[in-house]
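Take a walk through this structure, part by part. Start with the sequence and the model below.

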Amino acid sequence: MRESLIATDLIDGDGGTIARDIFVDEEIYKREIKQVFGRAWLLVGHESQIPKPYDYFTSRMGEESVIMTRDKTGKIHVFLNTCPHRGMKVCRYDQGNARVFTCPYHAWSFSVDGNLTTAPGGLVGVPHYKKAYRGGLDKSQWGLVPVAQLVNYKGSIWANWDKDAVDFETYLGDMKFYLDSVLDQRDGSPGGSEVIGGIQKWKVPSNWKFGAENFIGDIYHITSHRSVDMVSIGPSGAGRRDVLKGDKAAKIVIPPPAFGSIGFPNHGHGCIGALPHYEEPDYAPSFTLTPIVEEYYKEVYHRRVENLGKRARGLAPVGTIFPNCSFHGMQPRALFTWHPNGPQEMEMWKWYLVDADAPDEVKNVLRQYYLRYAGPAGLTEQDDMENWNYATAASSGARAGLYPYNYQMGQGFESDARDLENAIFTSAVTEQNQRLFYNRWAEFMDADSWDALHPKNSANHADILARCQQ
Amino acid sequence: MSRISFTDSTSREHALDALLLQREIEAFYYLEAQLLDERRFEEWLDLLTEDISYFMPLRRNVKYGQHAEFENTRQGVDAAWFDEGKHTLAQRVAQLATGIHWAEEPLSRVRHLITNVQIGDKTDTPADSKEVEVSSHFMVYRNRVVDETDIFVGKRTDTLRFEDDHWKVAKRLILLDQSTLLAKNLTIFF
Ligand code: FES
Ligand SMILES: [Fe+2]
């Protein structure tokens, strides 16, 4: 047992080595649930999942169940899915439509509309209210617990338990640019994505951070996916994807070399992607196995050139928004969460995205491609989960635990990311984003309040650049 | 499902036909299970028609009365565990044969138990082709490496087509009795 847990002590050399404990230790895990998941912005869902008044979708924040619901006026709310009376889950359905949630245990009922009650989620029905409580129950105090902050960002719904957390856009920083590249329409117009019906959810015997660190910038692991490339599941018949393969990657941005790891040390986010560029690269055919889709994307390309003009744009095939939301930004295109289920298990949730206004035929081809690429049956992702599974198990060895993991790749070779604030960049294969993820994680673990966590107060970015310049 | 009565002598001939068909279909399923469990995946592919549709929907917890509409995701529209044809299935088989598909390296030990085989009415097909709809239950056991063990239980609804002197699977709907998948992956066939 530790005397006192200081997370920064587990991370040495500015993230160059990291103790295996952070993936398996119960005490660290418990602290993480409180300090990280209790204070960070977490993805809850997408507005297209609850299009009509009173639609709801049950989601998770950290270990806990929450209900995302839309009221009569169209406003979205997120509540903790537990009855304030004795804790029973007030909703055990994955989705549906309900004006009122009635608890199965003693039938307290809660309205999602604020008009009947003092606040949305308020207690409206208490059986035997007069006889049993004799006027002694203040209903206004016993509603469902709402999140402290909630935002609808281009259709994606995020929530935070900490009222002192910075607003979502400050939290994102310039990572916004890359989240936009996931959520915006392929023709460059803002927002407009929708979720393909049905969220894949599955349990993986892995610490949640192995997923987050993989998607933030582990380009090094592509060698593990060679078996997929050998059988070629890409939408044009070759490899895994259409673009960003081999030296094509360099051609996609102007001026090269601007493709690599882009990280935000003060925020903890990062991606593999292209630095801002101001002109669309030449048209490259995609989805050539399906000519109708190829035609459609050619037209989308021309609309994009027109819509964006000389405006800055980014693109990122993969990335992570600290702490547990990652994305596929291009092929496939999805948001996902790594929900913690104890130190050695996570539940993966996957929301597949398409442009809402794309023709059905295009949506269907995308959907089929996504499913053969990603998820537990995806030819590519199966191998990732295998690696995280066994990496987690081996992190708890009494002997192995004495040997920290090596995150030194590319350390000291970061540069300032041009045209982005508080961002660093490495063009080659590197572990810069994993390091900044864990440094930010340690800040969350050790900080007493959001005062110390404000991205402006974080020392991470200045430290890294000072070191590069030595 | 057609009812079989062995005691009614007037339908004895019909009953014998039905029994023979039942036996034939069951033998087909046992062969299929054997090929999969013995990892003879290429031979298994030969038991599927070229136009096979292979679909395993996601399943959701929904309120009473909404199961028909919302419990299972829709083929061709929604997300699923599998919604594919022979081309992708053959790619899965090819990937296993690379020897570097780490999720199945080393290969799992898999056993398919197939029960409750019920043959439906013959579907409407041209005279020169023969199709039947068959439902069956499965319990698929998977053990891999040391202590990784998964048990998948569910129901398949197949359309079997008699083609080139063999029964083949032309359509397979797989209902896995889980909503959140309790296994880390689906690297096996059902
Ligand atoms: S636990 Fe919900 S009403 Fe008692
Ligand atoms: Fe991967």
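Contact here means heavy atoms within 4.5 Å. Keep that cut-off in mind for the packing described next. The model is predicted.

Begin with helix α4 of chain B, residues 86-96. Eight of its eleven residues are buried, so the helix is largely enclosed by the rest of the structure. Which residues of α4(B) are buried? They are Lys86(B), Thr88(B), Leu89(B), Gln91(B), Arg92(B), Val93(B), Gln95(B) and Leu96(B). These buried residues pack against elements of both chains. From chain A come α6, α9 (360-373) and α10. From chain B come α2 (41-45), β1 (48-57) and β2 (80-84).

Helix α10 of chain A leads on to the metal. This helix spans residues 381-394 and holds Asp384(A). Which atoms coordinate the iron ion (ligand 2)? His221(A) and His225(A) each bind through NE2, and Asp384(A) gives two OD donors. The distances run from 2.1 to 2.4 Å. Along the chain, the donors follow the spacing H-x3-H-x158-D. His225(A) sits in the loop between α5 (208-217) and α6 (226-231) of chain A, while Asp384(A) is in α10, so the pair ties together parts that are 159 residues apart in sequence. The site of the iron ion (ligand 2) is irregular, with angles of 56 to 143° among its four donor atoms. For reference, the ideal angle for four tetrahedral donors is 109.5 degrees. Are the two linked residues buried or exposed? His225(A) is buried, at 3% relative accessible area. Asp384(A) is buried too, at 4%.

Now step back to the domains of chain A. The assignment gives domain 1 (11-21 + 173-468) and domain 2 (42-149). Domain 1 is thus written in two segments, because the assignment lists 11-21 and 173-468 together. The C-alpha centres of the two domains lie 34 Å apart. Their contact takes 18 residues from domain 1 and 14 residues from domain 2. Between them, the domains bury about 1,200 Å², 63% of it on carbon and sulfur atoms. Which three residues supply the most area on the domain 1 side? They are His339(A), Trp349(A) and Trp351(A), which supply 32% of the area that domain 1 buries against domain 2.

Next comes the nonpolar interior. The largest nonpolar core has 158 residues. Six of its members touch the most others. In chain A these are Tyr171(A), Leu335(A) and Trp441(A). In chain B they are Ile25(B), Phe152(B) and Phe190(B). The core draws at least three residues from each of domain 1 and domain 2 of chain A. A second, separate core has 17 residues, including Tyr54(A), Tyr56(A), Trp108(A) and Phe110(A).

Two chain B members of the largest core deserve a look. Leaving aside neighbours within four places in sequence, Ile25(B) is in contact with Val117(B), Ile119(B), Val132(B), Val134(B), Leu160(B) and Trp167(B). Phe152(B) lies in strand β5, residues 148-163, of chain B. Phe152(B) counts as buried, at 1% relative accessibility. Under the same exclusion of neighbours within four places, Phe152(B) has contacts that include Phe138(B), Met139(B), Val140(B), Leu176(B), Leu181(B), Ile188(B) and Phe190(B). Arg142(B) and Asn185(B) are also among the residues that Phe152(B) contacts.

Finish with the backbone. Most residues other than glycine have a negative phi, and most peptide bonds are trans. Where are the cis bonds described here? One runs from Phe322(A) to Pro323(A), with omega near 0°. Pro323(A) lies in the loop between β17 (313-321) and β18 (325-329) of chain A. Another runs from Glu105(B) to Pro106(B), also with omega near 0°. Pro106(B) is in the loop between α4 and β3 (109-122) of chain B.

Positive phi values appear as well. Asn422(A) has phi near 50°. This residue lies in the loop between β22 (415-416) and β23 (424-426) of chain A, and Asn422(A) is partly exposed at 27% relative accessibility. Asp165(B) has phi near 65°. The loop between β5 and β6 (166-176) of chain B holds Asp165(B). Asp165(B) is exposed, with a relative accessible area of 68%.

Key:
Residues numbered from 1 in each chain as written. Chains lettered and ligands numbered in written order. Predicted model: local features only at pLDDT ≥ 70, side-chain atom pairs only at ≥ 80, totals over all residues. Heavy atoms only, no water. Core = buried A, V, L, I, M, F, W, Y, C linked by side-chain atoms within 4.5 Å. Buried < 20%, exposed > 50% of the residue type's maximum accessible area, 1.4 Å probe, protein only. Donors = N, O, S within 2.8 Å, 3.2 Å for Na, K, Ca; no water. Tetrahedral: all angles 85-135°; square planar, octahedral: opposite > 155°, others 65-115°. Helix = DSSP H or I, 4+ residues; strand = E, 2+ residues; numbered from the N terminus. Buried area = accessible area lost by both parts, 1.4 Å probe.
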